[in-house]
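Colleague: Thanks for making time for this. Could we go through the two chains together, one point at a time?

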Amino acid sequence: MSPRAASRLESLGFEQVYDYVAGKADWGSAGLPLEGTNGSETRAGAHVRTDVPTCQPGDRLQDVCEQLDESGWDTCFVVDQRRVVLGRIGRRAIGGREDVFAEEAMAPGPSTIRPSARLEAMVERMQRQTLTNLPVTTSDGRLVGLLSLRDAEEARRGLAD
Amino acid sequence: MPTPIAREMVQQLIGEGAQLVEVLPEAEFEDEHLPGAINIPLKQLDRERVQDLERGRPVIVYCYDSQ
């Protein structure tokens with residue numbers, strides 16, 4: 001639709017016309033703000049915890065666990081230098097504390113959602129699948145944070161009030 | 001010929017004063033839109049409606065996605 005609109009504007013005499021082809025789906029998926037009745041506050045991205053721990057594939061699991069002990073988190077995301085999510089280290093690996101690298105201990109390719117995912121739908125998904133949280137990444141795979149069921153339910157109640 | 005651009009360029013042009021136009025129907029615009037965008041649905045894109053736009057500034061049009 002936007003290519004036709006751009007051409008139409010040119011035919012109406014506008015000389016500097018640009019077409020953002022990927023549109024607002026791309027914008028929202030990148031975690032950028034949207035306005036409107038279903039704007040950013042109703043989306044997952046507005047309610048994520050961004051301080052979720054991360055580590056590199058070549059980090060030692062024991063070192064990662066020590067950092068987690070200090071932070072109080074029970075999960076850690078293995079990311080590359082661009083913060084693209086490669087895997088997730090969960091409770092079992094943390095409990096085992098084997099002498100391995102993070103990339104050996106991680107569960108590769110965890111399911112993720114985009115920041116623009118509707119909060120209501122994500123609450124229902126976590127409840128249905130008995131998940132306590134969902135990792136949120138941009139459309140190019142970079143970690144935004146973690147959406148917890150507790151936070152999402154609380155935010156949903158707030159939006160309903 | 002209109003120039004296709006990606007998100008980074010959109011952000012840059014907005015910073016330089018570009019005008020954002022969502023061309024989806026009004027209900028979809030009301031649902032969600034980029035900050036600062038105005039709504040001119042494609043079916044209403046005529047000489048009268050574009051009077052809301054400044055001709056000397058760049059105009060970025062967008063819809064939902066590339067489909």
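Modeller: Happy to, and let me begin with a term: two strands pair if DSSP finds at least two bridges between them. Strand 2 (residues 19–22) of chain B and strand 3 of chain B are joined by two bridges and run parallel. Please keep in mind that this is a predicted model.

Colleague: Good start! Which residue is the bridge partner of B:V21 in strand 3 of chain B?

Modeller: Strand 2 of chain B is joined to strand 3 of chain B by two bridges. Looking across from B:V21 into strand 3 of chain B, the bridge partner is B:I38.

Colleague: Which strands stand at the edges of the sheet with the order 1(B)-1(A)-4(B)-2(B)-3(B)?

Modeller: That open sheet has five strands, with parallel pairing. An edge strand has a single partner strand, so one side of it is left without a neighbour in the sheet. The two that fit this are strand 1 and strand 3 (38–39) of chain B.

Colleague: And where the chains meet in that sheet, which residue stands opposite A:Y20?

Modeller: Strand 1 (residues 17–20) of chain A runs parallel to strand 1 of chain B, and three bridges join them. Opposite A:Y20, in strand 1 of chain B, stands B:I5.

Colleague: What angle does the direction of helix 1 of chain A make with that of strand 1 of chain A?

Modeller: Helix 1 (residues 2–11) of chain A packs on this sheet. There it touches strand 4 of chain B as well as strand 1 of chain A. With the direction of strand 1 of chain A, its own direction makes about 175°.

Colleague: Let's take the contact between the chains as a whole. Which element gives the largest share of the side of chain B that touches chain A?

Modeller: The contact brings 29 residues of chain B together with 33 residues of chain A. On the chain B side, the elements giving two or more residues are strand 1 (3–5), helix 1 (7–15), helix 2 (26–31) and strand 4 (59–62). That side divides into 19 nonpolar, three polar and seven charged residues. The largest share, four residues, comes from strand 4 of chain B.

Colleague: Is chain B as compact as a globular protein of its length, or less so?

Modeller: Along the sequence, chain B follows β-α-β-α-β-β, with two helices and four strands. Its C-alpha trace spans about 25 × 25 × 25 Å along the principal axes. The radius of gyration is 12 Å, close to the 11 Å from the globule rule for 67 residues, so chain B is as compact as a globular protein of that length.

Colleague: Over to chain A: which residue is the bridge partner of A:R88 in strand 5 of chain A?

Modeller: Chain A has an open sheet of four strands in the order 2-3-4-5, with mixed pairing. Strand 2 (54–55) and strand 5 (107–108) of chain A are its edge strands, each pairing on one side only. Strand 4 (residues 85–89) and strand 5 of chain A pair in the antiparallel sense over two bridges. The bridge partner of A:R88 is A:A107.

Colleague: Last one: what is the handedness of the crossing of helix 6 and helix 7 of chain A?

Modeller: The axes of helix 6 (residues 119–128) and helix 7 (residues 149–160) of chain A come within 10 Å and cross at roughly 135°, which makes helix 6 of chain A oblique to helix 7 of chain A. Their contact includes A:M122 and A:V123 from helix 6 and A:A152 and A:A155 from helix 7, and its residues divide into seven nonpolar, no polar and three charged. The crossing is left-handed.

Terms used. Residues numbered from 1 in each chain as written. Chains lettered and ligands numbered in written order. Predicted model: local features only at pLDDT ≥ 70, side-chain atom pairs only at ≥ 80, totals over all residues. Contact = placed C-beta atoms within 7 Å. Nonpolar A, V, L, I, M, F, W, Y, C, P; charged D, E, K, R; others polar. Axes fitted to C-alpha atoms, helices over the stretch in contact; angles between N-to-C directions. Parallel < 35°, antiparallel > 145°, perpendicular 65-115°, else oblique. Left-handed = near helix turned anticlockwise from the far one by under 90°. Rg over C-alpha atoms; globule rule 2.2 N^0.38 Å.
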